[in-house]
Amino acid sequence: MQNTPPLLNIDIWTSGSWKNGVTLADGGYVPGNTFADAGNLAEIYNFYNKTVNKVSPPPGVKPNPLIGQKTNPEEASSLGKQMFNVLQDKDNVYMHHEQLQFPNRAPQIFNWSGTSQTAGLGDAPVFGGEIKGIPDPTVTAGWDADSFRKMLDSYSNEFQNDKRNTNKIAPVMGIWTAEHALPFLSSNPQTNRNSSLGRSSTAGNEEVDFYGDFLKVDQIYTPEFDQTSGSFIFNSKNKNGIGLVPLLDDFGSIVSADNSIVAIDDANYLGESIRLSKDLGFWIDMNSTLLTPVQGKKDSFSASINWDTLKGQKYAFVADIDTAIEGDYSSSLYNANLSGKSHFANSLQPGGQDVIGFEDSTDGDYNDIIINFNNSSGQGQINSESLFHEDRITGKNGFSAHISTLWQDKFHMDKNTAYQISQLILANPKNVDMDIVVQTANPKLARPEGDLSLVEFLSTIKQATKGSWKGNIIYHPDAIITKKDNQGDFVFDDTDWTEGWAGFKPTHPLTGKTLAAFPGGPKWADVESSYNASYEAYVDWLGILNLQILKFNQSASANNKYDLPFFTEFLYETENSMFDHRATGTAHNGTGTKYKDETLYNHDSFVRQYSGDPDIWNNKEIPSWDDIKLSATTESIANWDSTHGRSGWGADRVHVQAWDFKDGEDYTYTKWNKGDKTLNQLDPGIYSPQQASDLFTEFFANRGFKMPKKSPSPLEQTYNLNQMILPQMTGKTPSTHFDDRVNINFTFYEHEVDFPTFASSAANVEGQAWIWSATQFSEFITRFRNDLPIRLDAIASDFGASGQFVMTSNDLNLGIWHPEQVLGHWFGVPSQSQFERLL
């Protein structure tokens, strides 16, 4: 047993009826249960209110309306709703309310055993998976992944919207006897797609044999030259039309003819695709003057085409099934087809990847239009990617998490980053309020090739989100670090910043005057030698940037552009900003007197006292310096707040670093101090989103761990979180809600000093580098938003807090640090030829 994990680290679950309450692994339990477990696997079957081996309900109990009814897949959507509501009937044997209050502790388990395990209807309702050939009167054949998903969605919707589910958390759902369900719910990897999952068509009249598919398949076409040539043959009585449409990204988005992004799930996507194809000259239909009748063939016309496509640009085909009927459109991208039917197929003949067929009714020979891209030399003109592959176009790549703040470490202001941030904003309706931390480096630093100005960068995000982004921008100076030279004088360390402010004389964005000549502002030449002057320079640099934004906004409406946000927050980094732990106003003369963090936020500190260059800050159209929040980034237990009885530093807001937990001397409890390296880099191959959420929830609300023998206090149980929740805790009174001025940031930084992290490099771990996928991290964020309030509510309840903890996951502000590590992984790089059309 020496090398095996102790049972203390093993979760113990129970299984039982939906009637059971939910016990808590961290202390209390529901009356009637005699031990604490991790949760109850609620068997959502066996609920016909029967006595032993009988169908009839006990005396005085209302009969269950599902008695004797088969689980019909054709009624999947209504069945899930009905099943849930049956279990809520007060006249019936109904579900315990705690299953809805603590859904993560009560997974809802459905029965795929395929037969009644006891006489009669013992385990109904059953969803197929018949075993040993025994017919089951409670099962209708035909349950598959799609129908079962509809039932689960229906059940989940009712579960989430029940008034007892105060945080609207979706249920965790599972399957009993999964070995019987798997053949019905997953595709067989041995299936030969080329023989059994396609639809063949044998053409006549010297036409082409095609082999189409009826799977969820996206067909994407990439020209091999800058000019695409080929031939069209129209064989349909309908007035078909067809064309190419260039794709912006790997999700099938397009830049419409009027230069706005249209996502594949937009209702007007197909119409805009056709409009764009016509606008770019990539369209041909039965009304085209290029068409000529094919001799001897009725309703058959041919044409040669010569399109100026771009080599390597990805395209989809779009078609009008009948130009005489408005709105009957189709695409070679499956997810774009509202009908769910594929109208495009490739030929199986030799060289068939360059021959595409279109069928307007999808039940014929895919010869209504034949497009042949083989030129006379036999050299391929266009490449098809994905026939008989799995669906590639996945909306927003699985990312739907609510992100409050996005903070790059080294700020990239290139077009790709702007687009990827816009996709993150569009991935969740709540992300339209997402704040962006802007690393404002010293103005003399050369902008990397391909980078945009700040105004261009913000304008690109606004344009790419169609103006829906309403978040704030946070000013965070990457200040030059100072050091003492051999003589003990303070100088600039040019290790990171080789240019700095040297020789910088800014001009007023609106007047064009040189600002160094104005009284009241910093002497720009002194910025390299004076702490106060350097801070003042950053204050006025913020004002200059706001004036640049103002100048843009004044002309935005005239140029059909969206107004940009102003900076309204100055984020001071307590570890790496130039002014941190630095000297007083005389320190640059060599006194060595040190500031402490908190003194920088005091009302009489030089940080607060400087009012800014009046020529910059007297403009009434930008936020005044007094209206700019001065915020901190620090650990979760730092006393940053001077209100609510905390008597802390006096910062207006705090950005908590959810890392540096390893060897955190000030933290009372953390598994990250136990020497287990797998906890430092949260390898998704080891930790599920739920397990990662549990780790952070335990850290911030470490209930049940290292508690003293005396009665534990709420302060001890939430010490690692005590500056992020209100009201201020005492040893007796718990907090009841989150402080909306707090933002918690998780990191994708790969280095050991910043554990725990959601990304790794191969140099830091054994094996391959990894990074959390969009879907995985989205699930983690969603679970943590739900799990932490539930844990805090339990603590508040135990200590009799009035109203308990307000379980509003939307009040929990969560962000990402180092998103530059992962945005490209999640959202890809857009097609530059199309992206230019947006600007």
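Contact here means heavy atoms within 4.5 Å, while axes are lines fitted to C-alpha atoms, for helices over the stretch in contact, with angles that run from 0 to 180 degrees between N-to-C directions. The model on screen is predicted, so local features need pLDDT of at least 70 and side-chain atom pairs count only at pLDDT 80 or more, whereas totals for chains, interfaces and linings use all residues. Residues are numbered from 1 along each chain as its sequence is written, and side-chain values use heavy atoms, with hydrogens and water left out.

**First stop: the parallel sheet**

Select helix α3, residues 145–161, which lies across β3 and β4 and runs at about 145° to β3; helices (H or I, at least four residues) and strands (E, at least two) are DSSP runs, numbered from the N terminus. Beneath this selection, display the open sheet of four strands, whose order is β1-β2-β3-β4 with parallel pairing, where two strands pair if DSSP finds at least two bridges between them. The edge strands are β1 (13–17) and β4 (173–176), each of which pairs on one side only. From one strand to the next, the twist averages 30°.

Now narrow the selection to β2 (residues 39–43) and β3 (residues 108–111), which pair in the parallel sense over two bridges. A42 has Q108 in β3 as its bridge partner, and E43 stands opposite I109 in β3. On the other pairing, β3 and β4 are joined in the parallel sense over four bridges, and the bridge partner of N111 in β4 is W176. Are the residues of β3 buried or exposed on its two faces? Both faces are covered, with Q108 and F110 on one side and I109 and N111 on the other, all of them buried; the cut-offs are under 20% relative accessible area for buried, over 50% for exposed, and partly exposed in between (1.4 Å probe, protein chains only). In a regular strand the side chains alternate between the two faces of the sheet.

**Second stop: the antiparallel sheet**

Select the six strands that form an open sheet in the order β13-β14-β8-β19-β18-β17, where the pairing is antiparallel. At the edges stand β13 (292–293) and β17 (344–346), each with a single partner strand, so one side of each is left without a neighbour in the sheet. At the β13 edge, two bridges join β13 to the antiparallel strand β14 (residues 301–307), and T292 stands opposite S302 in β14.

**Third stop: helix α8 and the loop after it**

Move to α8, residues 454–464, where ten of the eleven residues are buried, so the helix is largely enclosed by the rest of the structure. Among the buried residues are L454, F457, I461 and K462. K466 follows α8 and has a positive phi, near 55°.

Show the side chains of K466 and D266, which meet in a salt bridge (3.7 Å, N to O); a salt bridge is a side-chain nitrogen of Lys or Arg within 4 Å of a carboxyl oxygen of Asp or Glu. K466 lies in the loop between α8 and β23 (473–477) and D266 in the loop between β11 (261–262) and α6 (269–279), so the pair ties together parts that are 200 residues apart in sequence. K466 counts as partly exposed at 39% relative accessibility, and D266 is partly exposed as well, with a relative accessible area of 25%.

**Fourth stop: another long-range pair**

The structure holds 13 salt bridges, and a further one to select joins the side chains of K415 and E836 (2.5 Å, N to O). Because K415 lies in helix α7 (residues 415–426) and E836 in the segment after α16 (832–835), the pair ties together parts that are 421 residues apart in sequence.

**Last stop: α12 against α14**

Select α12 (residues 689–700) together with α14, whose axes come within 8 Å and cross at roughly 40°. Residues in this contact include F696 and F700 in α12, and F780, F784 and L788 in α14. By class, the contact has seven nonpolar, four polar and six charged residues, where Ala, Val, Leu, Ile, Met, Phe, Trp, Tyr, Cys and Pro count as nonpolar, Asp, Glu, Lys and Arg as charged, and the others, Gly among them, as polar.

Within α14 (residues 774–798), E779 and R783 lie four residues apart, about one turn of the helix, and they form a salt bridge in which the closest N and O atoms are 2.8 Å apart.
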